[in-house]
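Trainee: I've got a model open and I'd like to know where its labels come from. Can we go through them one at a time?
Mentor: Sure, load it up and ask away.

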Amino acid sequence: MDGVALLRQAQVDLRAGRPGEAARLFRQLLARRPHDGGALHGLGLALAQQGRIADALDALEAAAQVLPDHPGVAFNRALARQLAGDSEGAIAGFRQAAALAPAHAAAWRNLGTALLAADAPAAEALPAFEAALRADPQDAAALQGVGFCRQRLGQAEAALAAFQAAFRLTPRDPRALGNLAGALLAAGRAADCYDLLAERSVDAGSADLATTRAEAALLLGRPAEAVALLDAALRREPGHSRALGHLQIALAGAGDTARLAPSCAYDQLVGRQTLMAPPHFQDRASFHAALQAEILSAPGLLAGREGKTTRGGRQSGDLARRPGP
């Protein structure tokens with residue numbers, strides 16, 4: 001099989017969900033043409049489909065050396081960096097992909113998402129989501145990103161408008177429904193939030209959505225109904241922290257003091273585990289020191305982090321997304 005036919009068949013296998021066979025063919029082609037950018041790109045995609053992220057990233061980095069101005073290579077390399085936990089590299093990669101292809105909505109959207117995941121200011125992430133919407137006004141995920149940024153900026157009505165637009169595009173997406181319901185609550189529209197969720201009988205489905213409906217019921221002065229909703233939610237998900245927290249408020253509002261203390265169930269929320277030192281650390285003390293340094297140097301470690309309960313302390317973003325101990 002000549003090189004063109006080999007590349008074509010590998011691409012067919014990749015699109016058909018046969019990454020192992022595709023990877024084998026891409027390697028055959030690379031044995032003949034080690035610097036074939038298309039084959040390196042395809043190999044990276046095939047390896048990523050197999051879950052071999054480190055190997056995929058190596059192939060995509062090599063592809064980027066051969067094809068430095070290829071927006072698809074830049075975009076997929078950024079995705080691989082993100083999956084590998086390199087948030088800074090992912091952000092730089094999505095910026096490059098968006099610069100190479102300004103109409104690439106997914107590059108802009110992923111840039112905004114990566115910035116928010118890295119706890120960048122909402123004002124920095126918002127333009128990326130807005131650029132995604134200019135490229136594709138039907139991008140519901142970009143609308144959700146605009147909503148989150150507007151919320152963080154304290155712009156409740158603008159956030160609500162974005163979440164409403166996203167929900168109109170994806171009315172069956174439970175995340176879109178939950179975000180819209182939360183935005184209605186934040187905008188002081190508890191009755192609209194309650195009606196939205198009641199119409200969809202969320203008490204029979206997601207515990208998270210049922211808890212939001214219970215929040216609305218509490219704001220509307222119906223604590224007994226909130227108790228029933230939260231009890232049902234906790235039967236489905238006994239450790240749902242938000243439901244447990246709101247249950248205390250609902251029980252107090254309903255005057256059910258007999259259940260108030262036992263229902264706290266703190267043992268469902270807090271656990272303790274002894275972690276042994278990973279193999280490349282000499283002992284637990286050196287591991288703890290490295291872990292402490294990693295936490296204290298995290299750029300997302302913020303005092304009074306918005307939407308969190310910390311008082312007099314600091315919370316970080318997802319440390320698992322960062323390289324380190």
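**Reasoning from value to label**

Mentor: Let's start in helix α15, where Ala243, Leu244, His246, Leu247, Gln248, Ala250 and Leu251 are buried. Keep in mind that this is a predicted model.

Trainee: What do the buried residues of α15 pack against?

Mentor: They pack against α13 (207-219), α14 (223-236) and α16 (257-260). As background, residues three or four places apart on an α-helix point the same way, because there are 3.6 residues a turn.

Trainee: How do you know that the reach of α15 is close to what's expected?

Mentor: Helix α15 covers residues 241-254, 14 residues in total, and its first and last C-alpha are 20 Å apart. The expected value at 1.5 Å a residue is 20 Å, and the model's span is close to that. Right after α15 comes glycine 255, with a positive phi near 75°.

Trainee: Serine 241 is in α15 too. Why is serine 241 called partly exposed?

Mentor: Its relative accessible area is 48%. Buried would need under 20% and exposed over 50%, so serine 241 falls in between and is partly exposed. In space, serine 241 is 9.7 Å from aspartate 208, C-alpha to C-alpha, although they're 33 residues apart in sequence.

Trainee: And threonine 212, over in helix α13: what makes it count as buried?

Mentor: Threonine 212 has 7% relative accessibility. The cut-off for buried is under 20%, so the label follows.

Trainee: What makes the link between the side chains of threonine 212 and arginine 242 a polar contact?

Mentor: The distance is 3.1 Å, and the limit for a pair of N or O atoms is 3.5 Å. Leaving out residues up to four places away in sequence, threonine 212 touches Ala181, Gly182, Leu185, Cys193, Leu197 and Arg242.

Trainee: Cys193 turns up there. Which residues does cysteine 193 touch?

Mentor: With the same sequence neighbours left out, cysteine 193 touches Ala181, Leu184, Leu185, Thr212 and Ala216. Cys193 is also, with Leu180 and Leu196, among the residues with the most contacts inside the largest nonpolar core, which has 30 residues.

Trainee: Which helix gives the most to this core?

Mentor: α11 does, with 7 residues. At least two residues each come from α10, α11 (174-186), α12 (190-199), α13, α14 and α15. There's also a second, separate core of 29 residues, including Ala74, Ala98, Ala125 and Ala128.

Trainee: On to the rings. How many aromatic pairs are there?

Mentor: The count is 3.

Trainee: Why is the pair of phenylalanine 148 and phenylalanine 163 called edge-to-face?

Mentor: Their ring centres are 5.4 Å apart, and the planes sit at 70°. Pairing needs centres within 6.5 Å, and edge-to-face needs planes over 60 degrees apart, so both tests are passed. The two are 15 residues apart: phenylalanine 148 is in helix α9 (residues 140-152) and phenylalanine 163 in helix α10 (residues 156-169).

Trainee: Is phenylalanine 163 buried or exposed?

Mentor: Phenylalanine 163 is at 1% relative accessibility, so it counts as buried. Phenylalanine 148, at 32%, counts as partly exposed.

Trainee: Where does the charged end of arginine 222 sit?

Mentor: Over the ring of tyrosine 194, 4.5 Å from its centre.

Trainee: And the overall picture?

Mentor: The protein has 17 helices and 2 strands, and buried residues make up 42% of its 325 residues.

Methods. Residues are numbered from 1 along each chain as its sequence is written. This is a predicted model: local features need pLDDT of at least 70, side-chain atom pairs count only at pLDDT 80 or more; totals for chains, interfaces and linings use all residues. Side-chain values use heavy atoms; hydrogens and water are left out. Rings of Phe, Tyr and Trp (its six-membered ring) pair if their centres lie within 6.5 Å; planes under 30 degrees apart count as stacked, over 60 as edge-to-face and the rest as tilted. Helices (H or I, at least four residues) and strands (E, at least two) are DSSP runs, numbered from the N terminus. Buried means under 20% relative accessible area, exposed over 50%, partly exposed in between (1.4 Å probe, protein chains only). A charge sits over a ring if NZ of Lys or CZ of Arg is within 6 Å of the ring centre and within 35 degrees of the ring normal. The expected span of a helix is 1.5 Å times one less than its number of residues. Contact means heavy atoms within 4.5 Å. A polar contact is a pair of N or O atoms within 3.5 Å; within protein, one must be able to donate a hydrogen and the other to accept it, and residues adjacent in sequence count only if both atoms are side-chain atoms. A nonpolar core is a set of buried Ala, Val, Leu, Ile, Met, Phe, Trp, Tyr and Cys residues joined through side-chain atoms within 4.5 Å.
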